[in-house]
Amino acid sequence: MSATLLAVQTLNGLQLGILLFLIAAGLTLVFGVMDFINLAHGVQYMLGAYLAVAFYAATGSFWAALLMGMVAALVCGLALEFLVFRHLYDRDHLDQVLATFGVILFINEAVKIAWGSAPLSLPMPDILSGSFVLMDGLLYPVYRIALIVAGLVVAAVLYGLVTHTRIGMLVRAGASNAPMVAALGINIRALFMVVFGFGAMLAGFAGILAAPLFSAEPGMGDNLLILAFVVIVIGGIGSIRGAFLAALIIGLVDTLGRSFATDIVKLVLSPSAANDVGPALASMLIYILMAGVLFFRPSGLFPVKAG
Amino acid sequence: MQHTPMSPAPRRAILLPLVLFAAFALVPLVAYLSDDRFLMLFVTRIMIFAIVALSLDFILGFGALVSFGHAAFVGIGAYAVGILADGGQFEGLVAFPVAILTAGAFALITGAISLKTRGVYFIMITLAFGQMAYFTATSLSAYGGDDGLTIWGRSTVLGADILSDDRSFFYVVLGALVVCYLLCRMIIASRFGRVLRAAKQSETRLAAIGINPFGYRLAAYAIAGMIAGLGGAFLANHTEFVSPAYMNWHRSGELIVMVMLGGMGTLHGAILGAAAYLLLEENLSQISEHWRVIFGPFLILVVLYARGGLTGFLNRLQPGRRGDD
């Protein structure tokens, strides 16, 4: 394994981690405050990508598409909250899982009807379409770097919001003991709508950023959703800090595992056996990591809930 | 308040499954008279998924363990049959025990880790383990990877090729369904089952009388995994094909939907639910390939307004009986 490959894959891992964080942030806050498990969070990511593609087709500008896509994602999230999710807060987790599963089935299929099953691409803006020279003979796309930077900025802003503002204080209080916050005269439903809309917008933002790299296709949110679940379970549900660290860990472990597992297995096994075992091992790696974390710390690395 | 609906309607609890099994038993006759091979294959599929849904209801309805990775057990059972057949081993008396034990072992290992967690953590960790099995299957390049694996023929019994006949396969599956149903009922009525149901109601009270539910839950989880593995082995024989798609998390979601549609915690509800789901899927997909656009909102409405599923509905039909509240 060469140093350049390692550098490139580390950056790719960071980039996956950032995308995961943008999705997991909303998921973990929504769950923390409202004890609501939302499987349909992944479709927000997909909707973000598709809406951006649609707005790009209408305006011809990436930046306009980004802005309008985020607003539209926010509107979609609030509409879903109003139509479906709001009726599920008092139900048990099983009902929430089933109803949000229904939302996934509906939106995935609706997207297929509206835009077809073929992947659609979103061109990246000209200003970000070049490459950096990282080392001799090693180019890395500016867009991917920009994505990492944008994600870090969002993470910093989010951290500031959660730790240093009144609404952030309420969110943290809600995550550790929601009934008590409500008893102190805070309208927890209104607070939740804010958190939910914000989370939906962040997931949409992630989808828009990802669209030029992976293209928009039906069901694109599903796999990332599962990874985001792994992230918030490892990080501790309700914890932004935990979600950030866990997202980076998962992004790095998954990406590096996929590129180097086969080589590492070759040190122990014959090359042909390694070619079979390596990929299987690589795809299991993050789940083994999760199992390990939960075995020793059943409520994640940064538990929030009291008791 | 949640109560365990095992005792409220004893007569109905015997009558409904009897009617169901009798209806299944008559299907080959109807298929023979109307010369409809599809009907028999379709009902075989319903019964296979009924076995799997039954195993999920066993832990979900009676132990409140929301397993969101149940499809993994099905896939492991199916892959056991497929991989053995790929190696030339078609003997069912080898393949089926291997399928059941492999799925059981996977359930035991993942269950030992998952059951240390509670509530939503349990849902997510079982989901993640399910995905782990799914991605492992997609990376099995020697056995078809993403594309899956075709099995050249059904399992034999002591070398005799009796399962290739659709009708005998049908009755074998029906027999397995009845045995699994009775087995689950017996377990639930036993002391073991009482502990499981008590743990669902209140873990604290159970701990107060000196019982730690972990071992009971783990055993129940492994039993459910084994039954689902059996279902997977039948599924592989039914389609003569295995693919990672059997383990996709959408499949696990669909299994929970089946249990929910039929009514949780009744066992025969799971059978009813599997039939209802597959019939809905079959009929809606004939109207449009985008049938999920109809099914998604339908599912949301069922969750919001139809608690207790089909069995709850049937119980409410009879006046004077206590409906599900």
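**Exercise 1. Determine how many residues of chain A are in contact with chain B in this predicted model, and describe the side of chain A that is involved.**

Solution. In this predicted model, 34 residues of chain A are in contact with 37 residues of chain B. The next step is to locate these residues of chain A. Helices α4, α8 (220–235) and α10 (271–296) of chain A each supply at least two residues of the side that touches chain B. The largest share, 15 residues, comes from α4(A). The last step is to sort the residues of this side by character: 26 are nonpolar, 4 are polar and 4 are charged.

**Exercise 2. Check whether the span of helix α4 (residues 93–115) of chain A agrees with the expected span.**

Solution. Helix α4 of chain A has 23 residues. The expected span is 1.5 Å times one less than the number of residues, so a span of 33 Å is expected for α4(A). The end C-alpha atoms are 32 Å apart, which agrees. Beyond the helix, α4(A) is followed by Gly116(A), whose phi is positive, near 80°.

**Exercise 3. Describe how helix α2 (residues 37–63) and helix α10 (residues 249–262) of chain B are arranged.**

Solution. The axes of the two helices come within 9 Å and cross at roughly 75°. Angles of 65 to 115 degrees count as roughly perpendicular, so α2(B) is roughly perpendicular to α10(B). On the α2(B) side, the residues that meet α10(B) include Phe49(B), Val52(B) and Ala53(B); on the α10(B) side, they are Leu255(B), Ile256(B), Met258(B) and Val259(B). The residues of this contact divide into 9 nonpolar, 1 polar and 1 charged.

**Exercise 4. Identify the residues that touch the most other members of the largest nonpolar core, and follow Leu54(B) to its contacts.**

Solution. The largest nonpolar core has 210 residues, of which Leu20(A), Val231(A), Ala50(B), Ala53(B) and Leu54(B) touch the most other members. Helix α1 (residues 3–34) of chain A gives the most to this core, with 16 residues. Leaving aside neighbours within four places in sequence, the contacts of Leu54(B) include Cys180(B), Tyr181(B) and Cys184(B). These three are among the buried residues of α6(B).

**Exercise 5. Decide whether Ser215(A) and Asp35(B) are buried, partly exposed or exposed.**

Solution. Most residues other than glycine have a negative phi. Ser215(A), however, has a positive phi near 65°, and Asp35(B) has a positive phi of about 55°. Ser215(A) lies in the loop between α7 (188–214) and α8 of chain A, while Asp35(B) lies in the loop between α1 (10–33) and α2 of chain B. A residue is exposed if 12 or fewer other C-beta atoms lie within 10 Å, and buried if there are 20 or more. Ser215(A) has 15 and is therefore partly exposed; Asp35(B) has 7 and is therefore exposed.

Conventions: Residues are numbered from 1 along each chain as its sequence is written. Chains are lettered from A and ligands numbered from 1 in the order in which they are written. This is a predicted model: local features need pLDDT of at least 70, side-chain atom pairs count only at pLDDT 80 or more; totals for chains, interfaces and linings use all residues. Helices (H or I, at least four residues) and strands (E, at least two) are DSSP runs, numbered from the N terminus. Two residues are in contact if their C-beta atoms, placed from the backbone, lie within 7 Å. Ala, Val, Leu, Ile, Met, Phe, Trp, Tyr, Cys and Pro count as nonpolar, Asp, Glu, Lys and Arg as charged, and the others, Gly among them, as polar. A nonpolar core is a set of buried Ala, Val, Leu, Ile, Met, Phe, Trp, Tyr and Cys residues joined through C-beta atoms within 7 Å. Axes are lines fitted to C-alpha atoms, for helices over the stretch in contact, and angles run from 0 to 180 degrees between N-to-C directions. Angles under 35 degrees count as roughly parallel, over 145 as roughly antiparallel, 65 to 115 as roughly perpendicular and the rest as oblique.
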